[in-house]
Amino acid sequence: MSAQSNLAPIIIKKKKVVAGGGHHGGAWKVAYADFVTAMMAFFLLMWLLNATTEQQKKGVADYFSPTIAINRVSGGGDGNFGGESVFSEMTLPQNGTGATSLRPTEGKQARGEMGLESDSQQASSAGEGPDAEAFKNVENALQGKAGESMVSKDLYKHIITHVTDEGLIVELFDTKGLALFEQGSSEPTRALKDLSEIVASVAGLVTNEVAIGGHTRSQPVVLADNPVWDLSTARANSFRMLLEGRGLNPKRTQRMVGHADKSHVAPNPMSVRNNRLEIIFLRTQR
């Protein structure tokens, strides 16, 4: 016992080691996430502003600031509103200005039209004014509504007329079986010469100044020296000379423009329908 009692006691210590420097907090992560989300929303907003039209922007703005119910609702009684709610699309929106009272539109419905006029309304408003009767005389002469048509059935396929804010546009275009110019040149065909004589004749019915434009279809391949600009301008000039040679007063021509292939009327850019000429009878008051 005495030998054992002389030994030093063995003491075992258990030390708890804590790794790291302790808790630093995670608030910065939340702030960073909010910042990234805000930046994403900002760039999305910038993309939408660049990718949408003015009408679409107006429609989005009207949607997010409604003063009426978005969905159609109706009541079941036969009282003042004839069984419909005051918020029904059939009641309040059609009595007022469309989508909202803060941003009124021309449409009758609360949703859908975005303030755009119908085609008939646009045509009606464009056809009004001091030149309406003159434009009507030109159209009637081409279509034969005031008597015998000046255009044969074959040539009539090449003509379209429509009234815009700028004036009356008489459009002459290629068809699959008959072109206005020789292939790849500004040399007029027999059809264009006949059409030019008709257009010059109806131009004598009015005194409006005119503008002439040439359009071409796109080329099937990308060319280092694309001829569409020179070709469209040369064709417009050839058409101008045909008209003046058939009685159009040169002083009435206010401009002559080659539009190349920048304004297609057919979905296919290479369609022959995009080869066309325009003579615009300009409005006297613009």
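Among contacts in the chain between residues at least 6 apart in sequence, what share joins residues at least 24 apart? In this predicted model, the share comes to 65%. The chain has 286 residues, and 31% of them count as buried. Its accessible surface adds up to about 18,900 Å², with 56% of that belonging to carbon and sulfur atoms.

As for the overall layout, there are nine helices and five strands. Going along the sequence, they come in the pattern α-α-α-α-α-α-α-β-β-α-β-α-β-β.

The strands offer a good place to start, and β2 (167–173) is a handy one to follow. Seven of its seven residues are buried, so to speak of β2 as mostly covered is fair, given that buried means under 20% relative accessible area. On one hand, β2 pairs with β1 (159–163); the two run antiparallel and are joined by five bridges. A hairpin of three residues links β1 to β2, and across this pairing Ile159 stands opposite Leu172 in β2. On the other hand, β2 also pairs with β5 (276–282), again in the antiparallel sense, over seven bridges. Here Ile169 has Ile280 in β5 as its bridge partner.

Next comes the question of what sits inside. In soluble globular proteins, nonpolar side chains tend to be buried together. The largest nonpolar core in this model holds 31 residues, and the members touching the most others are Val170, Leu172, Leu192, Phe239, Leu243, Ile279 and Phe281. Two or more residues each come from α6, β2, α8, β3 (210–215), α9 (228–245) and β5. The largest share, eight residues, is given by α8. Phe281 makes a nice close-up: leaving aside residues up to four places away in sequence, its contacts include Phe135, Val138, Leu168, Val170, Val206 and Val210. Phe281 also touches Glu166, Glu209 and Arg252, among others.

Two of the helices that feed this core can be checked with a ruler, so to speak. For α6 (residues 132–143), 12 residues at 1.5 Å a residue should span 16 Å, and the end C-alpha atoms are indeed 16 Å apart, which agrees. The buried residues of α6 are Ala134, Phe135, Val138, Glu139, Asn140, Ala141 and Leu142. What covers them includes α7 (153–156), α8 (190–203) and the strands β1, β2 and β5.

The same check works for α9: its 18 residues should span 26 Å at 1.5 Å a residue, and the end C-alpha atoms lie 25 Å apart, which agrees. Which residues of α9 are buried? They are Val228, Leu231, Ser232, Arg235, Ala236, Ser238, Phe239, Leu242 and Leu243. Because these residues cover an arc of only 160 degrees around the axis, they fall on the same side of α9. The spacing behind such a pattern is simple: an α-helix has 3.6 residues a turn, so residues three or four places apart point the same way. On the other side of α9, Asp230 and Gly245 are exposed. The buried residues pack against β2, α8, β3, β4 (253–258) and β5. After α9 comes Gly247, with a positive phi near 115 degrees.

Notes. Residues numbered from 1 in each chain as written. Predicted model: local features only at pLDDT ≥ 70, side-chain atom pairs only at ≥ 80, totals over all residues. Heavy atoms only, no water. Helix = DSSP H or I, 4+ residues; strand = E, 2+ residues; numbered from the N terminus. Expected span 1.5 Å × (residues − 1). Buried < 20%, exposed > 50% of the residue type's maximum accessible area, 1.4 Å probe, protein only. Contact = heavy atoms within 4.5 Å. Core = buried A, V, L, I, M, F, W, Y, C linked by side-chain atoms within 4.5 Å. Areas by Shrake-Rupley, 256 points an atom, 1.4 Å probe, with all protein chains shown as cover. Pairing = 2+ DSSP bridges. Arc of directions from axis to C-beta.
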